[in-house]
Amino acid sequence: MDDLRDKYLTAIADAAGESALEDLRLAAVGKKGEISLKMRELGKMSPEERQVMGPKLNALKDEINSALAAKKQALSDAALDERLRTEWLDVTLPARPQRQGSIHPVSQVTEEVTAIFADMGFAVAEGPQVESDWHNFDALNIPGHHPARAEMDTFYMHRAEGDERPPHVLRTHTSPVQIRSMELSGAPLRVICPGRVYRADYDQTHTPMFHQVEGLAIDKDISMANLKWVLEEFVKAFFEVDEVELRFRASHFPFTEPSAEVDIRCSWEGGTLKVGEGDDWLEILGSGMVHPKVLMAGNIDPAAWQGFAFGVGIDRIAMLKYGIPDLRAFFDSDLRWLRHYGFAALDVPTIRGGLSR
Ligand code: DAH
């Protein structure tokens, strides 16, 4: 037994790696290992012999098992040390320009829009993307039978079998954040709500997920004139031009009364868009005076307060401003596209420093 102990303890101490160690384990205490075979011989011994040899063999087996475990731990510690020694990283090295990421046009434009409205006193508000049917539709004066529900190609969430409540939806627009902001802060109110929205639609100008920014201003003497001024300031600042001409076209949205779609004067000469000149008109947003029912849904008294609201497609104005032809490419994560259309990570858009330069 002493020979066995010496033989295996030396071999374990010298084992070069985990597979050599496993071979040793099998040879010693595996099913057909030397020590296991010896234990089997116990049955043929006399009771006196067995009383002496049994405990000794068990002790030897334990000793070898612990030597194996200790060696296994030591080997894996050594492997980790070796990895730590070779896989180091100098975090004080400056970033290499060719490896820097870029800011996606959607993020860039969201920041630009936020900077412009922040300058006019609008705070940023947010709401959930999985929205209650009530916030997304009813509270915005879009009742169950309203065609706008069908038009919006809504994604519905799952409800458990037998649960009769209306299912939640992926919000189809940022307008429900109007309601949430009113519920949260009451009047007066001045917020913009940028974020993701969802509709089941896919072609060159539609993707199932896209981005909008909602605007909402509520106070005691708000009129269409305020809406018009704010939108003019926004369009000038956003397209970085001194003059723009807006055209308010009568329209219909359930949540505003009156409602207007807003076009900007532009030209497409030579295939590139110029804002503020030319004979074409480009639709860029929907807007209007907040419907009294919507104010009421947000617990605001329509006899005391009025407001205007508008909604803009972020992806759409990003395509227009930066000459990006296909919306789908926004969401392909193609590095070549991102390098071409992306923005430097450290150029934060500000009113004073310039939005896009
Ligand atoms: N929610 C509308 C849409 O997704 C956009 C919109 C239109 C928002 C008019 C408004 C508004 O706040 O006043 O098509």
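This is a short chat about reading aromatic rings and a pocket in a predicted model.

Reader: How many aromatic pairs does the structure hold?

Author: It holds 11. In general, you describe a pair of rings by how far apart the centres are and the angle between the planes. Take Phe-308 and Phe-310: their ring centres are 6.4 Å apart and the planes meet at 25°, so this pair counts as stacked. Phe-330 and Trp-337 make a tilted pair instead, with 5.4 Å from centre to centre and 50° between the planes.

Reader: Are Phe-308 and Phe-310 buried or exposed?

Author: Both are buried. In the tilted pair, Phe-330 has a relative accessible area of 3% and Trp-337 one of 13%. Buried means under 20%, so those two qualify as well.

Reader: Which residues do ring pairs link into a cluster?

Author: Phe-308 and Phe-310 again, along with Phe-117, Phe-122, Phe-234, Phe-238 and Phe-239. Phe-238 also has the charged end of Lys-321 over its ring, 4.6 Å from the centre. Elsewhere, Lys-220 lies over the face of Trp-305, 4.3 Å from the ring centre.

Reader: OK, now the empty space. What volume does the largest pocket have?

Author: The general trick is to roll a probe the size of a water molecule over the atoms, which shows where space is left empty. Here the largest pocket comes to about 1,300 Å³.

Reader: Which residues lie nearest its centre?

Author: Arg-199, Gln-212, Glu-283, Gly-313 and Arg-316, out of 48 lining residues. That lining splits into 21 nonpolar, 16 polar and 11 charged residues. Elements that each supply at least two of them include strand E6 (209-219), strand E10 (280-290) and helix H11 (314-322).

Technical notes. Residues numbered from 1 in each chain as written. Predicted model: local features only at pLDDT ≥ 70, side-chain atom pairs only at ≥ 80, totals over all residues. Heavy atoms only, no water. Phe/Tyr/Trp six-rings, centres within 6.5 Å; stacked < 30°, edge-to-face > 60°. Buried < 20%, exposed > 50% of the residue type's maximum accessible area, 1.4 Å probe, protein only. Lys NZ or Arg CZ within 6 Å of the ring centre and 35° of its normal. 1 Å grid on protein atoms, 1.4 Å probe; cavity = no way out; pocket = protein on both sides within 12 Å on 5 of 7 lines; lining within 4 Å. Points joined across faces, edges and corners; volume = space filled by probe spheres on them. Helix = DSSP H or I, 4+ residues; strand = E, 2+ residues; numbered from the N terminus. Nonpolar A, V, L, I, M, F, W, Y, C, P; charged D, E, K, R; others polar.
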